[in-house]
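Biologist: I'm new to this structure, so could you take one part and walk me through it closely? Please tell me along the way how the rest of the chain fits around that part.

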Amino acid sequence: MQEMLNYLRRNNLISKQQHGFISKRSTVTNMLQSLNDWSIAVENGKSQIVAYIDFAKAFDSVCHAKLLVKFNGYGIKARY
């Protein structure tokens with residue numbers, strides 16, 4: 001996992017907005033950042049639309065063949 005993460009970082013394939021599996025970034029830090037962004041927008045008189053999506057068990061429903069093709073497109077050779 002660490003090798004893949006290092007590769008993704010070196011090739012700028014991870015967004016600065018990515019949370020969850022990044023060190024010192026979690027779903028909690030994601031929510032705090034979102035709340036801060038929304039608060040600033042509201043203070044500046046801007047409206048906000050928020051959509052919540054539940055990705056529970058999302059990986060289990062992903063077509064793994066397509067995921068491997070996607071990895072290959074990023075230069076990650078999957079071993080299985």
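Modeller: Confidence comes up front: the chain has an average pLDDT of 85, and 96% of its residues score at least 70. That score is the predictor's confidence in each residue, on a scale from 0 to 100. We're looking at a predicted model, where local features need pLDDT of at least 70 and side-chain atom pairs count only at pLDDT 80 or more, while totals for chains, interfaces and linings use all residues. Residues are numbered from 1 along each chain as its sequence is written, and side-chain values use heavy atoms, leaving out hydrogens and water.

Let's pick helix 2, since among the elements of the chain helix 2 has the highest mean pLDDT, 92. At the other end of that ranking sits helix 3 (residues 58-61), with the lowest mean, 74. As a rule of thumb, where pLDDT is low, the predicted coordinates should not be read in detail.

First, the setting. The chain has 4 helices and 0 strands, so counted because helices (H or I, at least four residues) and strands (E, at least two) are DSSP runs, numbered from the N terminus. With a radius of gyration of 16 Å, well over the 12 Å that the globule rule gives for 80 residues, the chain is more spread out than a compact globule. That radius is taken over C-alpha atoms, and the rule is 2.2 Å times the number of residues to the power 0.38. Along the principal axes, the C-alpha atoms fill a box of roughly 50 × 30 × 20 Å. Buried residues make up 10% of the 80; here buried means under 20% relative accessible area, exposed over 50%, and partly exposed in between (1.4 Å probe, protein chains only).

Now the lead-up to helix 2. The loop between helix 1 (2-10) and helix 2 holds N12, and K24 is in the loop between these two helices as well. N12 has a positive phi of about 50 degrees although it isn't a glycine, and K24, also not a glycine, has a phi near 65 degrees. Both sit out in the open: N12 counts as exposed because its relative accessibility is 69%, and K24 is exposed at 82%.

Helix 2 itself covers residues 27-43, with N36 among them. N36 has 43% relative accessibility, so it counts as partly exposed. M31 is in helix 2 too, and M31 is partly exposed, with a relative accessible area of 41%.

M31 also takes part in a nonpolar surface patch with V50 and Y52, about 320 Å² of accessible area together. Such patches are made of residues with over 30% relative accessible area and no salt bridge, with like charges joined within 9 Å and nonpolar side chains (Val, Leu, Ile, Met, Phe, Trp, Tyr) within 5 Å. A salt bridge is a side-chain nitrogen of Lys or Arg within 4 Å of a carboxyl oxygen of Asp or Glu, and accessible areas come from the Shrake-Rupley method with a 1.4 Å probe, where for residues only the protein chains shown count as cover. As for N36, its C-alpha lies 17 Å from that of Y52, 16 residues apart in sequence.

Past the helix, K57 is in the loop between helix 2 and helix 3. K57 is exposed at 67% relative accessible area, and the C-alpha atoms of K57 and S34, 23 residues apart along the chain, are separated by 23 Å.
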